[in-house]
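Colleague: Please take a close look at one part of this model for me. I would like the contact between two of its domains, described from the overall extent down to the residues.

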Amino acid sequence: MAVLTEEQTMLRDMAAEWVPDRAPVTAFRRVAHEKLGHDPELWAEIAGTMGWAGILVPEEHGGSDFGYLSMGLVLEEMGRTLVASPLIATGVLGVAALRLGGDAEQQTAWLARIATGEAIVAFACDEDGRHDPANVKLTAKRDGDGFRLDGVKAPVSEGVSARLLIVAARDEAGKIVLLLVPGDAAGVTRTRLDRIDGREAALIRFDGVTVGADAALTGGAALLDRVLDRGRAALAAEMLGSATQAFETTIDYLKTRVQFGQLIGSFQALQHRAVAMQGELLMTRSAVEAALTALDEDRDDAPMLVSLAKAIAGDTLRLCSREMVQMHGGIGMTEEHDAGLYYKRSATADATGGNSAFHRERYARLAGY
Amino acid sequence: MSEAFRAEARAWMEDNFPPSLAFKNPVPYQNDAPYAEGDPDWIVWRDRMAEKGWGAPGWPKIYGGGELGHAEIKILTEEMRRIGAFNPMKMTGYTMLGPTLLEFGTEEQKAQHLPGVAAGTSRWCQGFSEPGAGSDLASLQTRCVDMGDHYLVEGQKIWTSGANHADWCFALVRTDTSSKQGGISFLLIDMKSEGVETRPITLISGSTHFCEMFLNAVKVPKDNLVGELNKGWGIAKRLLQFERDSLSEGRGEGVPLLPLAQERVGTDADGRIADSDLRTRLVAHAMRAQAYNLTMGRIAAEGKAGQRNDALVPVLKNLGSDVAQVRADLIMEILGEQGLGWSGEGYSDVELDASHQWLHARAFSIYGGSFEIQNNIAAKVLLGLPSAPAPGR
């Protein structure tokens with residue numbers, strides 16, 4: 001754990017208290033089972049009571065502007081119990097896009113509503129089921145002062161309930177442009193995708209959707225990259241929390257399960273694998289905290305550190321969730337046990353924002369390999 | 001305050017560090033002082049650092065230290081690294097014995113031994129392992145008998161780094177045969193004593209750094225006992241933490257892999273390393289190395305904030321040895337058949353260094369407690385897992 005400020009310590013302690021109390025894994029099970037996407041009451045508490053949707057929102061728009069490391073602390077705690085919430089889509093990707101690429105009017109129109117939790121935002125980048133921001137195909141053709149959008153985005157996290165869609169499109173010059181599109185705009189068709197992890201994702205069709213000139217954010221492909229990096233680092237923090245919980249639950253099981261007349265945690269074959277997980281978790285925490293800190297300081301090495309964090313978080317959550325299933329044995333394969341929920345989440349979280357292989361390649365290019 | 005100290009440290013380093021020594025820091029368990037002492041510049045550097053008190057920057061001044069705080073030591077380290085300088089005292093005596101004596105030694109023992117360690121003039125070796133006591137260190141058999149006015153020590157040690165060049169040895173000896181861990185004492189032995197013999201062991205890399213040490217009826221003054229009789233195991237465990245700590249600090253940067261790979265393996269039309277499989281593994285290694293370095297930095301920062309967790313040390317040692325071994329493998333692969341030279345013509349220094357480093361690298365996960373022993377310790381102490389049933393019972 002990084003050396004925290006007093007403010008950050010308080011925030012983390014509050015999250016560590018609130019999450020298991022109000023949003024334990026059983027709460028996630030209900031959301032997933034009933035295909036709710038997220039629980040509106042819990043979201044009202046997350047955004048309203050706790051103020052977490054505004055952690056990255058400037059104070060003049062009603063946020064606390066605590067920064068990315070602080071947001072990571074909260075997300076890590078939420079990752080522990082697999083809380084399904086629009087916090088990353090709205091409070092990280094949405095806020096980052098508006099802060100980095102929005103003008104004063106766009107910021108005024110949305111940031112305060114994001115901070116209160118009233119407006120849920122979805123960030124639509126991926127197409128054809130791949131994270132490939134360099135190859136966005138959805139078109140944004142000039143239409144009067146504004147744009148006309150045609151194409152398909154999928155999967156889009158929180159894409160069903162979002163009031164505002166921030167859409168990565170390609171203009172007639174072949175340049176990337178980010179556009180603010182109301183979720184209920186004419187020509188937008190949203191289909192809920194039923195995925196293995198039970199979280200909210202949508203396939204969204206844009207058939208001749210028109211928006212005004214005021215819909216465009218400034219910054220193009222560079223903005224897209226910067227916004228994505230903020231989402232990736234935030235997700236890596238959440239994944240760190242999920243991996244840590246998978247690990248801790250497994251260690252507890254090793255201390256209680258008896259076979260051959262002894263605790264299975266006394267078996268060296270399992271002990272050494274347990275220590276290996278601890279080593280990976282240590283390195284993951286270091287990478288995640290370094291990435292979040294680099295974003296807070298807006299440093300040039302942030303993209304590399306984000307790719308490092310997302311890649312290692314993907315690998316580590318995969319390892320810890322698999323070991324969670326394996327070391328629990330048969331019970332770990334059952335729907336009743338939580339192990340499967342972490343295992344399923346390892347796959348969707350890895351794919352979101354680019355999987356480990358994507359980020360190793362990105363790191364390679366950034367480093368000159 | 002800290003900026004003033006940085007300026008002072010930078011100026012002093014630039015005035016006093018002999019440029020000929022840049023990046024030539026001794027590597028633990030491979031080469032150390034004797035390797036460098038043929039070089040007059042090395043002696044100059046050692047003596048200047050000793051006089052300044054920066055060879056043992058955190059120690060009290062009465063023992064030759066600099067009485068610097070954590071923040072200043074960090075600055076000092078950064079300023080040394082900036083120009084390829086290093087702490088010449090960073091050897092067994094400084095990294096292991098020093099902190100142990102500061103914690104457990106009598107005032108007389110500290111006054112007798114620490115100034116020589118801080119000045120780099122007194123060299124120490126570690127008499128722990130025995131032919132029958134490696135991973136199972138507490139089964140050691142070197143006997144130490146109380147003869148009234150002195151102790152008499154009889155036995156054999158092995159893997160004693162630099163014993164053939166050492167002035168002193170801190171050794172674990174058996175003072176009670178009725179208890180395994182509770183019958184061990186911690187003793188300081190003058191290597192000039194009658195009955196002490198050393199014999200270097202040649203490793204697969206050609207290194208002769210490790211030795212056998214024979215103790216034949218060696219007389220040791222009773223004042224040389226550290227701590228209480230039969231309480232040496234607790235002191236040893238603490239010392240082993242210091243050792244693991246110094247080993248997990250990393251082994252220096254070494255030759256950068258990316259330009260070497262670009263030069264030797266070549267690049268494709270997009271400027272990527274031409275061997276795509278090797279490229280993938282080089283990147284994976286670079287990322288793990290960075291994550292490891294970030295982890296060491298984070299643990300150090302937490303330590304300075306009073307949040308240090310010693311139980312992590314075995315995990316860090318294993319992560320570090322793994323990163324270093326993979327690195328040694330990759331350099332060999334980059335160099336191809338030019339990485340297979342043993343000595344002489346036809347091979348550059350970089351190439352010869354790579355092959356010897358590759359051979360030596362297997363030791364990283366053996367010395368200072370093997371990879372498996374570190375995992376056992378971490379499972380028990382860090383994770384609180386139950387003890388494994390003793391094998392063979």
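Modeller: Domain 1 and domain 3 of chain A bury about 1,900 Å² between them. Carbon and sulfur atoms give 61% of that area. Keep in mind that the model is predicted.

First, the layout. The domain assignment gives chain A three parts: domain 1 (6–88 + 99–118), domain 2 (122–218) and domain 3 (221–367). The contact between domain 1 and domain 3 of chain A draws 16 residues from domain 1 and 28 residues from domain 3. The C-alpha centres of these two domains are 21 Å apart.

Now the polar side. Between domain 1 and domain 3 of chain A there are 4 salt bridges. One salt bridge joins A:Arg29 to A:Asp338, with 3.0 Å between the closest N and O atoms. The count of residue pairs in polar contact between the two domains, both residues at pLDDT 80 or more, is 12.

Next, the face that domain 1 of chain A turns to domain 3. Three helices of chain A each supply at least two of its residues: H2 (25–33), H4 (68–80) and H5 (87–101). H4(A) gives the largest share, 7 residues. By residue class, this side of domain 1 divides into 8 nonpolar, 5 polar and 3 charged residues.

In short, the contact between domain 1 and domain 3 of chain A buries about 1,900 Å² and includes 4 salt bridges. On the domain 1 side, H4(A) supplies the largest share of residues.

How values were computed. Residues numbered from 1 in each chain as written. Chains lettered and ligands numbered in written order. Predicted model: local features only at pLDDT ≥ 70, side-chain atom pairs only at ≥ 80, totals over all residues. Heavy atoms only, no water. Domains from an automatic or database assignment. Contact = heavy atoms within 4.5 Å. Buried area = accessible area lost by both parts, 1.4 Å probe. Salt bridge = Lys/Arg side-chain N within 4 Å of Asp/Glu carboxyl O. Polar contact = N/O pair within 3.5 Å; in protein donor to acceptor, adjacent residues only side chain to side chain. Helix = DSSP H or I, 4+ residues; strand = E, 2+ residues; numbered from the N terminus. Nonpolar A, V, L, I, M, F, W, Y, C, P; charged D, E, K, R; others polar.
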